[in-house]
Amino acid sequence: MTFQEISGRLQALFGDSVLEVKTEGVVDPYVKVAPAKVHEIALALRDEPDLRFDYLMCLSGVDHGRELLGAVYHLSSMARGHKLTMKTDLPASDPRVPTVSDIWPTANWHEREAWDMFGIVFMNHPDPRRILLPEDYPGHPLRKDFKVPEFYNGMKVPY
Amino acid sequence: MNGTAAPTIRTSTGRAIRTEEMVLNMGPQHPSTHGVLRLELVVDGEIIVDVIPHIGYLHRCFEKHCEAMTNYQQVIPYCDRMDYIASMNMDWAYALTAEKMLGIRVPERVEYIRVIMGELQRIASHLIALGTYGLDVGAFTPFLFMFRDREMILDLFEMTCGARLLYNYIWIGGVSHDLPPEFVPRAREFCRYFRPNIKEFNDLLTYNEIFIKRTANVGILPADVAISYACSGPMLRGSGVKWDLRKNDPYSIYDRFDWDVPVGKGEYGTVGDCWDRYMVRIREMEQSLNIIEQALDRIPEGDVMSAVPKRIRPAAGDVYVRSESPRGEIGFYIVSDGTGSPYRVKARSPAFVNLSVVPEISRGYMIADLVAIVGSVDIVLGEVDR
């Protein structure tokens, strides 16, 4: 399916929850959805017979600045041979989005990484621990407003 | 196995022994974890009940560093250091992403050079994977044979760009040096020399009875689990899924060559076991040789620097591009804010994703089998932790 057909399908299924469909002026077209609906939409993307997005390539956290974080889902369908970029924007003060790790188990580690680096809370995540940084690390370092602490566990940074 | 009660164990006088699960730490400095990976094992005697991988010991803030760069080109040496035994493929993946952002078409000669380098690197990387895999399960000799042959590939790289491990060779829009005149004959000679050696590896290791006993029917990864965990590369193909980005999502000029995608068939056990993953790598080396030989025959003349941009300033936006590294799908997600340095770079590294399936496929096996399973995933911690 082409991007227009996929986004049309999503709009027919979820109406206003699809906030934006962008094809003009971008290299990769994308759909932007409401964060509260991410789980429902992801389930439909995987299970609708004509969509069949069985492969989650990548899940990235992004800090857009202006108090706005985001999660980006890059999906691919091995069965149908099409791809989709799905984005959702989250307020930096309360960045919550439902987990998709029950839909695509690969999301488990990607979501832990996004929590670790950006502090995005994935609701109902089965294992919401940090993944790359130590458990006691202060803050989420890929946020644009992150300041490297002067001391970490009594050690001067940079050493 | 998991979920079932352990049978009561009795002493010779008939007294019941109290048994309990134990937590055992493997790594981060364990020789079979290929770097600094810590596995927390919950074991019932010798049987693995659960595995909890702990990663991050080699985290070098790749993504944070990218944001601090003053231009896009400066990221490439960091890409080298991600998967440090397949640096060419890492550079290439990043360059592909940046080129898509900028809308650059690279010259024909550059495409051919990249394919040749990428496939030579794939062979070199598989040689390390297979050699150290032999070491993991107790075979020392194949490791030496494979490293001997890998040296010849590194000689070819050194001849071209001066480096043997971290090349900084594939640039955005081109490559840093043209091939020296003696490269093509030397590469042909390598192909002629290397092809019979694959049979030698098979005689030494692949069809060795002990090796088969250690790897067949161990760590079985069914195809549907592999897809839901987004496994890629030999990990996915070992499970019988004919999926290779060079064929299924073609990039560069891979559609011009005649080659085949090997998949696991369960010849000595079940489809998707450790032996299948191992064998896919052996067969991929043959296919890489096919590609290299065809590319060497057809490589055109040309200028390798003509498409290298003087000033890199992509329009605001984002792009995700994936390509096939020796370990699987390497993807870069780059966000540009319209300035000269990247706003956000996310690397989707294949080993990170492939490692996440290890707990799923290790439960119920012995601790010694876990060594075989982790080895067959072929992780590089530099790329897992970034």
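Leaving aside residues up to four places away in sequence, which residues does E67(B) touch? The legends below take up this question and then turn to other parts of this predicted model.

**View 1. The surroundings of E67(B), a residue of helix α1 of chain B.** When residues up to four places away in sequence are not counted, E67(B) touches P342(B), Y343(B) and R344(B). E67(B) has 17 C-beta neighbours inside 10 Å and therefore counts as partly exposed, since that class lies between the buried residues, with 20 or more such neighbours, and the exposed ones, with 12 or fewer. A reader who follows the chain from E67(B) to S325(B) passes along a separation of 258 residues in sequence, while the C-alpha atoms of E67(B) and S325(B) lie 24 Å apart in space.

**View 2. The side of chain B that touches chain A.** Here 28 residues of chain B are in contact with 24 residues of chain A. On the chain B side, at least two residues each are supplied by the helices α1 (62–68), α3 (87–102), α8 (223–228) and α12 (350–355), and likewise by the strands β8 (317–325), β9 (328–336) and β10 (344–348). The largest share, five residues, comes from β8(B). Sorted by character, the residues on this side of chain B comprise 12 nonpolar, six polar and 10 charged.

**View 3. The packing of helices α4(B) and α11(B).** Helix α4 of chain B, which covers residues 108–136, packs against helix α11 of chain B, which covers residues 274–298, at an angle of about 155° and with the two axes 9 Å apart. The two helices α4(B) and α11(B) are therefore roughly antiparallel to each other, because an angle over 145 degrees is counted in that way. In this arrangement α4(B) passes α11(B) in a left-handed crossing. Among the residues that make the contact are Y112(B), V115(B), I116(B), L120(B) and I123(B) from α4(B), together with Y278(B), I282(B), M285(B), I291(B) and I292(B) from α11(B). Taken as a whole, the contact of α4(B) with α11(B) divides into 15 nonpolar, two polar and five charged residues.

**View 4. The packing of helices α3(B) and α4(B).** The axes of α3(B) and α4(B) come within 8 Å and cross at roughly 140°, and α3(B) and α4(B) are therefore described as oblique to each other. From α3(B), the residues M88(B), N89(B) and W92(B) meet R114(B), M117(B), G118(B) and Q121(B) of α4(B). The residues of this contact divide into three nonpolar, three polar and one charged.

**View 5. Chain B as the setting of the close-ups.** Chain B holds 15 helices and 10 strands. The radius of gyration of chain B is 22 Å, close to the 21 Å that the globule rule gives for 386 residues, so chain B is as compact as a globular protein of that length. Along its principal axes, the C-alpha trace of chain B spans about 85 × 50 × 35 Å. Buried residues account for 48% of the 386 residues in chain B, and of the contacts between residues at least 6 apart in sequence, 70% join residues at least 24 apart.

**View 6. Chain A, the partner of chain B.** The secondary structure of chain A consists of three helices and nine strands, which follow one another from the N terminus in the order α-β-β-α-β-β-β-β-α-β-β-β. The C-alpha atoms of chain A fill a box of roughly 55 × 30 × 25 Å along the principal axes, and buried residues make up 38% of the 159 residues in chain A.

Definitions and conventions: Residues numbered from 1 in each chain as written. Chains lettered and ligands numbered in written order. Predicted model: local features only at pLDDT ≥ 70, side-chain atom pairs only at ≥ 80, totals over all residues. Contact = placed C-beta atoms within 7 Å. Helix = DSSP H or I, 4+ residues; strand = E, 2+ residues; numbered from the N terminus. Nonpolar A, V, L, I, M, F, W, Y, C, P; charged D, E, K, R; others polar. Axes fitted to C-alpha atoms, helices over the stretch in contact; angles between N-to-C directions. Parallel < 35°, antiparallel > 145°, perpendicular 65-115°, else oblique. Left-handed = near helix turned anticlockwise from the far one by under 90°. Rg over C-alpha atoms; globule rule 2.2 N^0.38 Å.
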